[in-house]
Amino acid sequence: MNLPPHLTIREGQLAIGGIDCATLATRYGTPLYVTDQDRIVSLFRSFRDELSSRYPKVKVLYAAKANGNLAILRALAREGAGADVFSPGELRLALSAGMAPGDLLFNGSSKSTDDLSLAVESGVTVSVDSFDELRQLDRISQKKGKETKIAFRVNPAIDVPTHRKIATGLATSKFGIPHDRIRDAYREALACRGVKPVGIHCHIGSQILATEPFAQTARVMAEIVRDLVRMGVTLEFIDLGGGLGIPYHHYEEERAPTPADYASAIIPPIRDVSAELGINPALWVEPGRYLVADSTILLVRVNSVKKAHKNFVNVDAGFNLLIRPAMYDSYHEVVVNGRAGMLPSETYTITGPICESGDILASDRRLPPIGAGDLLAILDTGAYGFCMSSQYNCRPRCAEVLIHGGEAALMRRAETIEDLTATMQIPPWQKE
Ligand code: LLP
């Protein structure tokens, strides 16, 4: 089994950041998300360095949607990361984690007037997704006596080899302004008094394991940049979004591009167009999954094992805590703690406690024997894991633990039954 360096197996026991999973489960209970902070920091550094060694001005904006825990944002802020924020909540969290407004890009295809006002007041750069939004932002900005820096999100009409629900740059996608209308958008923005177009932005999708779509995107963007510069736009940055995938299969060779491969794909078109036009824009990128996915495991306890149509292993977390398998048929490796590395004996399907047939975390896996009370680790759950969780079936969400330098601490306590009702109100007619 190929494992990243922060995950180790000794005598069948899985440890993360040097701490045994069994110890963590006993100390904090299950289900439990456990994240290794040092892994995130080391991935961030190597990712940034690969880009910076090939291009003079690089800014890495962590895609906060991938994992919005404040402790993660703080760890990355200390490393100098900015953030791609997609909501007022992400914007506020990034600022409170210590990120500077100038290091944030406020994205989103559906921003309310309040969202736009907050962006203007915070002084962040806004990625504008439509002509309508441009006009609203311009009005708000002028009313507040400000000039807001903007980029437009381009829809580059690029097909990417990934799950259709996470391909975002297709011609049919809801995101961005079609690339054949983008010049008109900049022309209009240049005439506005409340906004200043300083960047260009796109994001083609997520969990992309090939470099060609990134290279193609960079070429499409470079083509647009050429026209924008001729139109008189002074570009401070070109933002190519995120999307670099990770190998979720740990038993087979799943080829994933390295940051060096990624950098070599995207940088040449940007470097060439900059040299040709004599411009000096920064390169912004927005990795989410690559930085946080493999840092985290979800620990679950086996409630019961049932031989039926299949060998069902009923565990204490389901799509309430990890929706990716149900939503995208995504694959997460499962490790049976105590028997990790042992030869498989059975084919198991790991199912959660939610009242839906689709509540399956892993299907038809060859694993060592599993019994009630066993502890399982679901790997690579740091991106789009906890942050997409819900309280469905009135299940409080679980805790999240962070590990650093051999020490573990809560970065989010588990919710209680009281938390479930904390925001509920009794209507007046039910009060007597
Ligand atoms: N930038 C923008 C504008 C985005 O919309 C996203 C992700 C990213 C950057 C980061 O992409 P990444 O590097 O993480 O691939 N819930 C899905 C993934 C949704 C991605 C949404 N946008 C999943 O669990 O696979």
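In the predicted model, N67 is buried, because its relative accessibility of 6% falls below the 20% limit set for that class. The residue is located in the loop that runs between strand β5 (58-63) and helix α3 (70-78). Although N67 and A293 are 226 residues apart along the chain, their C-alpha atoms are separated by 8.8 Å.

N67 also belongs to the lining of the largest cavity, together with Y33, A66, T296, T381, G382, G385, F386, C387 and E400. The volume of this cavity is about 30 Å³, and the structure holds one cavity of 30 Å³ or more. When the lining residues of the largest cavity are sorted by class, four are nonpolar, five are polar and one is charged.

Empty space of this kind is revealed by rolling a probe the size of a water molecule over the atoms. Apart from the cavity, the model contains open pockets, of which the largest has a volume of about 600 Å³. Its lining comprises 26 residues, and those closest to the centre of the pocket are K65, I166, T168, Y328 and Y384. The greatest contribution to the lining of the largest pocket comes from helix α11 (residues 324-328), which supplies three residues. In terms of class, 10 nonpolar residues line the largest pocket, alongside eight polar and eight charged ones.

The second largest pocket encloses about 370 Å³ of space. A total of 21 residues line this pocket, and R39, I246, P247, A256 and D294 lie nearest its centre. The lining of the second largest pocket is made up of nine nonpolar, five polar and seven charged residues.

On the surface, a nonpolar patch is formed by M1, I9 and Y251. Together, these three residues have about 280 Å² of accessible area. M1 is found in the segment that precedes strand β1 (7-10). With a relative accessible area of 37%, M1 is classed as partly exposed, because this value lies between the limits of 20% for buried and 50% for exposed residues. The same value also satisfies the requirement of over 30% relative accessible area for membership of a patch. M1 is thus partly exposed, whereas N67 is buried.

Definitions and conventions. Residues are numbered from 1 along each chain as its sequence is written. This is a predicted model: local features need pLDDT of at least 70, side-chain atom pairs count only at pLDDT 80 or more; totals for chains, interfaces and linings use all residues. Side-chain values use heavy atoms; hydrogens and water are left out. On a 1 Å grid over the protein atoms alone, a cavity is a set of points where a 1.4 Å probe fits but cannot get out, and a pocket is an open set with protein on both sides within 12 Å along at least five of seven lines; lining residues have an atom within 4 Å of a point. Grid points are joined across faces, edges and corners, and a volume is the space filled by probe spheres set on the points. Helices (H or I, at least four residues) and strands (E, at least two) are DSSP runs, numbered from the N terminus. Ala, Val, Leu, Ile, Met, Phe, Trp, Tyr, Cys and Pro count as nonpolar, Asp, Glu, Lys and Arg as charged, and the others, Gly among them, as polar. Patches are made of residues with over 30% relative accessible area and no salt bridge: like charges are joined within 9 Å, nonpolar side chains (Val, Leu, Ile, Met, Phe, Trp, Tyr) within 5 Å. Accessible areas come from the Shrake-Rupley method with a 1.4 Å probe; for residues, only the protein chains shown count as cover. A salt bridge is a side-chain nitrogen of Lys or Arg within 4 Å of a carboxyl oxygen of Asp or Glu. Buried means under 20% relative accessible area, exposed over 50%, partly exposed in between (1.4 Å probe, protein chains only).
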